[in-house]
Amino acid sequence: MIAFSEAQRKLHVPDDRRMVVILSRRYLVWLVVILAVPILLAWLQILAFGTHPGPAPVVTTGGGEPRGFPVWIRWTHFANLFFLFLLMRSGLSILMDHPRLYWNDDCTPGSEWIRFTPIEVPKDRLWTARDDARYISPLIALPGYKHTPGMGRSWHFITDYGFLLVGVIYVGMLFVSGQWPRLIPTSWTIVPAAWNVLVHYVTLHFSADLDGYYAYNALQQLGYFGVVFIMAPLSILSGIAMSPAVDSAFPWYPRIFGGRQAGRSIHFLLLCGYVAFTIVHVSLVLLSGAQRNFNHIVLGTDDTRSLGLILGCVGLTVVVASWVIAHVVAWRYPRLIQHLHKTLLLPLELRMSKSARFNPAERYTRDDVSPYFWANGKMPDSDEWTHLAEDSFRGYHLRVSGLVENPVDLSLDEIRALGHDEHVSLHHCIQGWSGVAQWGGISVARLIELVKPLPAARVVAFFSFGEATFGGVYYDTQRLEDVVKPECILAYEMNDAPLPPVHGAPIRLRVENQLGFKMVKWIREIRFIETEKNIGEGHGGANEDQEYFDLLPYI
Ligand SMILES: Nc1nc2c(c(=O)[nH]1)N[C@H]1C(S)=C(S)[C@@H](COP(=O)(O)O)O[C@H]1N2
Ligand SMILES: [Mo]
């Protein structure tokens, strides 16, 4: 257990820690049908044509001589298990930060196909996405608790590297060693053969000629092929479909999956697929001669010693220990993990931010505007902002200063007079929700022309009237090269109306190639500075300081 500060405990360990899964009825029916129909059909066949259709056929297509499991298979099998579990556990922490999944990009409450919260979004009061986040036990998730998306993402992306590396080695060796025909079917006869195996399985004939050491049976082969060559690549590709930088530069990409939220749903369904696969796989390993199977995959020998099983249990202990260690590291050294995450992604993300090909180029229209748009953050409650709001921000002044030739103090009318830039874009919150809206305002590039930053200015800091999660001013920073990109605007308008109070009145930032937390709402002041290191705690923003959010916000 980790010792939380009082404020942390209030946020991360709420009183309401119920964990529920609510699947909309339509999908529940589908789920039952998909699971039950093959089993029913198999039983029908048995009832019609006899109860014992002989031993399950083993596929030997191209398998050649028996080669067993060489050392690279045994070690990648273990490493894959190791990383996959960390990925699933950190994924669950991220998922629970917006515990609803949709097939539409507007994330309207009630339109989700599954939710992991008992709460229906109240209509009579402000219910932010932050309020909606759910607790998940750290026994299941990494780092667990409520609202830990920054840390969850760091772990997810760091382990992604391990998972990818193992995958590349495994698939590469599969081809180099000539073992690929074990996994890749070369004839359609695999389909009836796999059916035949299923018929054996439903009558609980697991051991019949199952000898995966030399060749897999047809169902096994299809299963492994599906996991390695379909599910794993789809996980990677659907993961990428959630990136704001990718989606804003290549709006066609998330559409391959049916939209950004459909990509997120598919990413989750693949997680379910891995869980289901693991359960079935482990059950069959245990039911079809556990001792021998363990020797195959642990020692690479085909005998019935108990050494494989013993070492296998040691391996599983290492895996479980990794969860405990990851939990402790996550909470003791969150800063270290946050910066490791940044360092690992730096080459990729800098490329995204520097390359003009990654400039936001969204082609949404007003017809795409979402009927609902989640709000986030703490509304400012200072007298200053409240008085300004009561007077329709007539007394508002935006101070732009710091390392500039021409510091200015602009009223809302003066800002409006500077020009009008607008776009319709898809918002990506770190928590997982999205929404399409029209934003109108002045591009930061125009502001830069006006204030003329000095050569020393590298970073632009945006300070809010609002407070950060654990107190202090909400602020965030941008590198100068990012704010001169297209679709980076100071918005004073949303969906052709003045910016509503909850969405950041009178002025907010929009940066469409980044995650939502970078887009400071209720902006009070803008300062051009040399480095973000000298403000706040020096990590680039209030969320980065306090909640270990991503230091590079493009994925
Ligand atoms: N001042 C301030 N700005 C903020 C936040 C906040 O808490 N305070 N939340 C951020 C986050 S996490 C998101 S996703 C967007 C949400 O914008 P919206 O409320 O208009 O949907 O605002 C960002 N700007
Ligand atoms: Mo967010």
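Leaving aside neighbours within four places in sequence, which residues is I526 in contact with?

## I526 and the nonpolar cores

In this predicted model, I526 is in contact with L398, R399, V400, S401, L447, V460, A461, F462 and L490, once its neighbours within four places in sequence are set aside. I526 also belongs to the largest nonpolar core, which has 63 residues. Within that core, the residues that touch the most other members are Y396, I415, F462, L490, I523, I526 and F528. Two of these, F462 and L490, are thus named among the contacts of I526 as well. At least three residues of this core come from domain 1 (6-332), and at least three from domain 2 (362-547).

Separate from it is a second core of 23 residues, with L87, L101, I136 and M231 among them. In soluble globular proteins, nonpolar side chains tend to be buried together.

## Domain arrangement

The chain is divided into two parts: domain 1 spans 6-332 and domain 2 spans 362-547. Taken over C-alpha atoms, the centres of domain 1 and domain 2 are separated by 40 Å. Contacts between them involve 38 residues of domain 1 and 29 residues of domain 2.

## The surroundings of ligand 1

Ligand 1 is surrounded by 20 residues, of which W374, H503, R508, M519 and K521 are the closest. By class, the shell holds 11 nonpolar, 6 polar and 3 charged residues.

Oxygen atoms of ligand 1 take part in two of the listed pairs: one lies 2.6 Å from a side-chain N or O atom of R508, and one lies 2.9 Å from a backbone N or O atom of N376. A nitrogen atom of ligand 1 is 2.8 Å from a backbone N or O atom of M519. On its own, ligand 1 has 530 Å² of accessible area, and the protein covers 99% of this.

Methods: Residues numbered from 1 in each chain as written. Chains lettered and ligands numbered in written order. Predicted model: local features only at pLDDT ≥ 70, side-chain atom pairs only at ≥ 80, totals over all residues. Heavy atoms only, no water. Near = heavy atom within 4 Å. Polar contact = N/O pair within 3.5 Å; in protein donor to acceptor, adjacent residues only side chain to side chain. Areas by Shrake-Rupley, 256 points an atom, 1.4 Å probe, with all protein chains shown as cover. Nonpolar A, V, L, I, M, F, W, Y, C, P; charged D, E, K, R; others polar. Core = buried A, V, L, I, M, F, W, Y, C linked by side-chain atoms within 4.5 Å. Buried < 20%, exposed > 50% of the residue type's maximum accessible area, 1.4 Å probe, protein only. Domains from an automatic or database assignment. Contact = heavy atoms within 4.5 Å.
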